[in-house]
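I opened the notebook to look a few things up in this model. My notes follow in the order I took them.

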Amino acid sequence: MTRTGTTPNNLRRALRREIPSTVGLLADEQDFAAMRRYRTFPFTDHTTYLRQVEALLRTLARQGGHTTVALFDPEEYAAWCAETDTDPDLPESRSRFTAHLAAAGARVAYTGQPLTTLLPELVDTAVRQATWEYATTVLATAGDCASCGKDIGKAAYERAAGLLVRLLEAAGPGIHHLVCSVPVADDQLLAVLHAGGTAPSEATTDTGPAAEFTAVLAAGIALAAPGGLVLRTTAPDTPDRLHGWRLTDGTLTPLTEAEVFSAYCTDARTGEPLSPEPGVEYRAGFPLVPGPDDDWTTHH
């Protein structure tokens, strides 16, 4: 039985608005080219493909449902097909994989933003997710300390959380932009955190961007990797301040003013000098208040 004034078509349209949609997106030319090896993949050029994806997203938005966009990785797709004994050259296989991404992959909500905005957001989300997964795997598999028996990953995370809180407390008022970089194998873990003038408690480092940042710093501590951390502080009516630290032996050692200037004013790719940024002060890293676990190297 249906309510008075409703029809089956109206009911189906109403039900459709309650069904979420996920669109798998090939973000760049290389991924698009990889999918062209499948006979059933209908597109021949990436520009046309992106126009059609954007038109589809607008249509779904007009229908009133919730739509997310997931990053479609051809290598991950091929591996998933092999694991699930699925024929990769079928539209329904791509649909099933997209449903898999909806549950586990990098994705962002479509709210009407153009693809020029959505694509960078999606790629950034994917990078952050991969970084988080790698860092948490490092911490989960670090094992126990041979000296004290503690879980190294857990201890490293607690130490990283304490270092972050003490750093932000010492940074004082302003808007803080932090970047932590840790070399691992043939790659680089990179985490970014924006923080207001109020330092977080260690409890608040367990969720969101603060947790991601803390996990990367903790991975560097657990691996004894020679990483680095930079802090940029913006406050009203004053120049931006840039500070830097070197991550060594599980602690943050302040860089000198000259080292901070060199780090910011050198092209990382070519090694060529860059012009200083106007209205910015390059300052030495400041020492952090010692914490209860500052004997890290003694026990881990």
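Is Pro91 buried, partly exposed or exposed? I looked up its relative accessible area and got 45%, so Pro91 is partly exposed. The model is a predicted one. Pro91 sits in helix α5. I then checked a distance from Pro91 to Phe41. The two are 50 residues apart in sequence, yet their C-alpha atoms are 7.6 Å apart in space.

**Pocket**

Phe41 came up again when I searched for pockets. The largest pocket holds about 380 Å³ of space. I counted 18 residues in its lining, and those closest to its centre are Gly24, Phe41, Tyr49, Arg94 and Thr98. Which elements give two or more residues to this lining? I found β1 (21-25), α3 (46-62) and α5 (91-104). I also sorted the lining by class. Twelve residues are nonpolar, five are polar and one is charged.

**Strand β1**

I picked Val23 for a closer look, a residue of strand β1. Its relative accessibility is 9%, so I put Val23 down as buried, the cut-off being under 20%. From Val23 I took a distance to Leu56, 33 residues away along the chain. Their C-alpha atoms are separated by 8.9 Å.

**Helix α3**

Next I asked what span the length of α3 predicts. With 17 residues at 1.5 Å a residue, α3 should span 24 Å. I get 24 Å between its end C-alpha atoms, so the two agree. I then listed the buried residues of α3: His46, Tyr49, Leu50, Val53, Glu54, Leu57 and Leu60. They cover an arc of only 135° around the axis, so they lie on the same side of α3. On the other side of α3 I noted Arg51 and Arg62 as exposed. Tyr49 is one of the buried residues of α3, and Tyr49 is also among the residues closest to the centre of the largest pocket.

**Helix α4 and the aromatic rings**

I ran the same check on α4 (74-84). Which residues of α4 are buried? They are Pro74, Tyr77, Trp80 and Cys81. Seen down the axis, they fall within an arc of 120°, so they line one face of α4. Glu75, Ala82 and Glu83 are exposed on the other side of α4.

Tyr77 and Trp80 sent me to the ring pairs. I searched the whole structure and found 13 aromatic pairs. Ring pairs link Tyr38, Phe72, Tyr77, Trp80 and Phe97 into a cluster. So two members of this cluster, Tyr77 and Trp80, are also on the list of buried residues of α4, a helix whose buried residues line one face.

**Positive phi**

I scanned backbone angles next. Most residues other than glycine have a negative phi. Asp85 is not a glycine, but its phi is positive, about 55°. I located Asp85 in the loop between α4 and α5. Its relative accessible area is 72%, so Asp85 is exposed. I noted Asp249 as well, a residue other than glycine with a positive phi near 50°. Asp249 is in the loop between β7 (240-248) and β8 (251-254). At 58% relative accessibility, Asp249 counts as exposed.

**Helix α6**

How does the span of helix α6 (residues 115-140) fit its length? I took its 26 residues at 1.5 Å a residue, which should span 38 Å. The end C-alpha atoms are 36 Å apart, and that agrees. The buried residues of α6 are Leu115, Leu118, Leu119, Leu122, Ala126, Thr131, Ala135, Val138 and Leu139.

I followed up Thr131 from that list. Its relative accessible area is 11%, so Thr131 is buried. I then took the distance from Thr131 to Ala215, 84 residues apart along the chain. Their C-alpha atoms are separated by 9.1 Å.

**Last entry: Glu277**

Where is Glu277? I found Glu277 in the loop between α9 (257-264) and β9 (280-282). Its relative accessible area is 37%, so Glu277 is partly exposed. Glu277 and Asp240 are 37 residues apart along the chain, and I get 9.9 Å between their C-alpha atoms.

Methods. Residues numbered from 1 in each chain as written. Predicted model: local features only at pLDDT ≥ 70, side-chain atom pairs only at ≥ 80, totals over all residues. Heavy atoms only, no water. Phe/Tyr/Trp six-rings, centres within 6.5 Å; stacked < 30°, edge-to-face > 60°. 1 Å grid on protein atoms, 1.4 Å probe; cavity = no way out; pocket = protein on both sides within 12 Å on 5 of 7 lines; lining within 4 Å. Points joined across faces, edges and corners; volume = space filled by probe spheres on them. Helix = DSSP H or I, 4+ residues; strand = E, 2+ residues; numbered from the N terminus. Nonpolar A, V, L, I, M, F, W, Y, C, P; charged D, E, K, R; others polar. Expected span 1.5 Å × (residues − 1). Buried < 20%, exposed > 50% of the residue type's maximum accessible area, 1.4 Å probe, protein only. Arc of directions from axis to C-beta.
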